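Open your viewer and keep the selection tool ready. This tour moves from stop to stop. At each one, select first, then look.

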Amino acid sequence: MRPRCAVLDDYQGVALDVADWTPVRDAVDVEVFREHIADPDALVEAIGDHEIVVIMRERTPFDATLLARLPQLRLLVTTGMRNAAIDLAAAAGHGVVVCGTQGRAQPTAELTWGLILDLARSITAENTALRADGPWQSTLGTDLAGARLGVLGLGRLGSQVARVGLAFGMDVVAWSPHLTTERAAAAGVGLAASKAELFATSDVVTIHLVLGPGTRGLVGAGELAVMRPGAYLVNTSRGPIVDEDALIAALRAGRIAGAALDVFDVEPLPADHPFRTLPNVLATPHLGYVTHGTYEVFYRDAVEDIAAFLRGTPIRVLG
């Protein structure tokens with residue numbers, strides 16, 4: 001019997017179309033699951049007899065408990081080369097090989113600027129009013145030229161976002177725990193003296209850090225308290241970098257002008273979550289990496305990972 005491969009969380013139903021699965025089509029039986037399966041029991045029931053599972057980013061966590069309930073699993077492929085929702089040690093303990101894929105940074109940087117522009121010019125609000133035959137010009141836009149953009153994390157993504165800010169004529173500063181003056185200067189931006197200074201002086205703060213023990217909750221009540229009343233917070237990185245309760249409190253109190261969020265502590269975002277209804281929140285369903293070009297790379301590499309594993313020579317192994 002041929003091994004079975006499950007492709008999880010293919011929301012758009014494109015996994016089999018954006019990549020060529022021919023190299024493994026005769027070797028494995030591929031089953032695609034479009035709907036998110038949040039309940040662990042239902043997930044085990046659905047994929048318990050699959051030897052190979054392909055997952056999309058952190059949509060479905062694979063912790064030690066779940067891995068122990070999947071004795072048939074031999075290969076777990078995650079899109080991207082980093083997935084904090086996989087217990088790599090537990091996977092290794094159960095004899096599961098975990099492989100990643102390449103990706104593209106540009107789409108998330110592009111979405112970041114879409115969100116910043118929407119916040120600054122109330123694009124969504126004005127479009128909604130226009131479609132409802134509401135008031136003509138009901139908001140007053142915020143100028144970006146001459147405003148300060150604070151970039152929290154100046155890596156591959158943060159550097160791209162910073163360059164666009166400079167093109168808009170913004171004063172761009174950056175900060176991260178290990179950022180140096182030389183690295184900031186190489187990107188053409190200033191180095192904030194401290195995290196507190198970045199939050200206190202920026203008109204827009206955008207987050208581009210990797211989620212880890214040192215960054216979880218890095219943006220909390222203290223950082224939000226020193227932000228300017230007219231400032232905006234943008235997060236297209238990972239939800240838990242920001243203390244969600246502290247952000248909700250700041251938004252409800254009007255201590256900052258608003259937030260644009262593409263990432264959340266729990267995804268999909270619960271139906272009753274305040275981020276769905278707060279008037280000063282612009283929320284999108286984790287669209288940063290969701291582009292045709294990115295998916296082509298993800299699933300092309302997933303096929304390569306599966307083919308290499310079947311040959312006995314796994315590639316892009318994580319852990």
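How many nonpolar, polar and charged residues are in the lining of the second largest cavity? Select Leu-8, Asp-9, Phe-33, Glu-35, His-36, Ile-37, Leu-43 and Thr-60, which line that cavity. By class, they are four nonpolar, two polar and two charged. Nonpolar here means Ala, Val, Leu, Ile, Met, Phe, Trp, Tyr, Cys and Pro; charged means Asp, Glu, Lys and Arg; the others, Gly among them, are polar.

**Before you go on**

This is a predicted model, in which local features need pLDDT of at least 70 and side-chain atom pairs count only at pLDDT 80 or more, while totals for chains, interfaces and linings use all residues. Residues are numbered from 1 along each chain as its sequence is written, and side-chain values use heavy atoms, leaving out hydrogens and water.

**Stop 1: the cavities**

The space in the second largest cavity is about 30 Å³. A cavity is a set of points on a 1 Å grid, over the protein atoms alone, where a 1.4 Å probe fits but cannot get out; lining residues have an atom within 4 Å of a point. Points are joined across faces, edges and corners, and a volume is the space filled by probe spheres set on them. The whole structure has two cavities of 30 Å³ or more. Now go to the largest, with about 60 Å³ of space. Select its lining, including Asn-235, Glu-244, Phe-264 and Phe-275. This lining has six nonpolar, two polar and two charged residues.

**Stop 2: the five-stranded sheet**

Select residues 52-55 and 75-78. These are strand 3 and strand 4, paired in the parallel sense over four bridges. Strands (E, at least two residues) and helices (H or I, at least four) are DSSP runs, numbered from the N terminus. Two strands pair if DSSP finds at least two bridges between them. Find Val-54: opposite stands Val-77 in strand 4. Widen the view to the open sheet of five strands, ordered 2-1-3-4-5. Its edges are strand 2 (29-32) and strand 5 (97-99). Add residues 292-311, helix 12, which packs on the sheet and makes about 160° with the direction of strand 4. Contact means heavy atoms within 4.5 Å. Axes are lines fitted to C-alpha atoms, for helices over the stretch in contact, and angles run from 0 to 180 degrees between N-to-C directions.

**Stop 3: two packed helices**

Select helix 5 (residues 106-121) and helix 6 (residues 123-131). They pack at about 60°, with axes 6 Å apart. Show side chains: Leu-117, Asp-118 and Arg-121 of helix 5 meet Ile-123, Thr-124 and Glu-126 of helix 6.

**Stop 4: the seven-stranded sheet**

Another open sheet has seven strands, in the order 8-7-6-9-10-11-12, with parallel pairing. Select strand 6 (residues 148-152) and strand 9 (residues 204-207), which share four bridges. Leu-152 has Ile-207 as its bridge partner in strand 9. Helix 7 lies across strand 6, strand 7 (171-175) and strand 9, at about 175° to strand 6.

**Stop 5: a pocket**

Stay with helix 7 (156-167). It gives three residues to the lining of the second largest pocket, the most of any helix or strand listed. A pocket is an open set of grid points with protein on both sides within 12 Å along at least five of seven lines. Its volume is about 720 Å³. Select Arg-57, Arg-82, Arg-156, Leu-157 and Arg-238, the closest to its centre of the 31 lining residues.
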